[in-house]
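I opened a fresh page for this one. These are my notes on what I looked up, in the order I got to it.

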Amino acid sequence: MARAKYRQLFEEMKQENALLFEKFGKIHDAYQQNREKNQDKFHQVGKKVVAIIRDWERRLCSGMGRTRYGHYSAGVAEKFWDLARKEFKLIDMVGVKIEKVAVTED
């Protein structure tokens, strides 16, 4: 059975950027364990990963917008991102800074 194009492109993207994705995977796992300690590195490397995913998403969907299948473009983009979220559960947290809030008693 033929694989969906979005899955093929996702795998190709991972292969072409294997070292960066592997590095981000390790940082992602560390961030899950201790967000405060690993926050800076997570965002620094995560921004590169998100930029790559967005670039490949554009490659996938850019041609669709000009065809009769343009209305499917958003759904395919979401499926592509779902693959990224499956691999990196906290990918949507890239760029979101979490500050420690001091609790004071009144």
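**Ground rules.** I call a residue buried under 20% relative accessible area, exposed over 50%, and partly exposed in between (1.4 Å probe, protein chains only). The areas come from the Shrake-Rupley method, and for residues only the protein chains shown count as cover. This is a predicted model, in which local features need pLDDT of at least 70 and side-chain atom pairs count only at pLDDT 80 or more, while totals for chains, interfaces and linings use all residues. I number residues from 1 along each chain as its sequence is written, and side-chain values use heavy atoms, with hydrogens and water left out.

**Entry 1: start of the chain.** I looked up Ala4. At 30% relative accessibility, Ala4 is partly exposed. Ala4 sits in the segment before helix 1 (5–16). I also checked Ala4 against Val76: they are 72 residues apart along the chain, yet their C-alpha atoms are separated by 9.8 Å.

**Entry 2: the overall layout.** How many helices and strands does the protein chain have? I got four helices and zero strands. Helices here are DSSP runs of H or I with at least four residues, strands are E runs of at least two, and both are numbered from the N terminus. Written out from the N terminus, the elements run α-α-α-α. I noted that the protein chain has 106 residues, of which 33% count as buried.

**Entry 3: aromatic rings.** A pair of aromatic rings is described by the distance of the centres and the angle of the planes. My rule takes rings of Phe, Tyr and Trp (its six-membered ring) as a pair if their centres lie within 6.5 Å; planes under 30 degrees apart are stacked, over 60 edge-to-face, and the rest tilted. I found five aromatic pairs in the structure. One of them is Phe10 with Phe80, edge-to-face at 5.5 Å centre to centre with 80° between the planes. That pair links distant parts of the chain, with Phe10 in helix 1 and Phe80 in helix 4, 70 residues apart. Are Phe10 and Phe80 buried or exposed? Both are buried.

Next I took Phe24 and Phe88, another edge-to-face pair, at 4.9 Å centre to centre and 70° between the planes. Phe24 is in helix 2 (residues 18–33) and Phe88 is in the segment after helix 4, so this pair ties together parts 64 residues apart in sequence. Phe24 and Phe88 are buried too. I then followed the ring pairs and arrived at a cluster of Phe21, Phe24, Tyr31, Phe42 and Phe88.

I gave Phe21 its own note. Phe21 belongs to helix 2, and it is buried because its relative accessible area is 6%. Between Phe21 and Gly46 I read 9.3 Å from C-alpha to C-alpha, with their places 25 residues apart in sequence.

**Entry 4: salt bridges.** I count a salt bridge when a side-chain nitrogen of Lys or Arg is within 4 Å of a carboxyl oxygen of Asp or Glu. By that rule I have seven. Glu22 and Lys26 make one of them, with their closest N and O atoms 3.7 Å apart. They are four residues apart in helix 2, so about one helical turn separates them. Glu22 is partly exposed at 46%, whereas Lys26 is exposed at 56%.

Which residues does Arg85 bridge to? One is Asp82, with the closest N and O atoms 3.2 Å apart. Arg85 and Asp82 are three residues apart in helix 4, which means about one helical turn between them. Another is Asp92, where the closest N and O atoms are 2.8 Å apart. I have Arg85 as partly exposed at 25%, Asp82 as partly exposed at 39%, and Asp92 as partly exposed at 46%. Bridges with shared partners join Glu78, Asp82, Arg85 and Asp92 into one network.

**Entry 5: a charged patch.** Where does positive charge gather on the surface? I found a patch made of Arg3, Arg7, Lys79, Lys86 and Lys89. For patches I use residues with over 30% relative accessible area and no salt bridge, joining like charges within 9 Å. Lys and Arg count as positive and Asp and Glu as negative, leaving out His and the chain ends. The charge is placed at NZ of Lys, CZ of Arg, CG of Asp or CD of Glu. I looked closer at Lys89, which is in the segment after helix 4 (73–87). Lys89 counts as exposed because its relative accessible area is 61%.

How values were computed: Patch = residues over 30% accessible without salt bridge, like charges linked within 9 Å, V, L, I, M, F, W, Y side chains within 5 Å. Areas by Shrake-Rupley, 256 points an atom, 1.4 Å probe, with all protein chains shown as cover.
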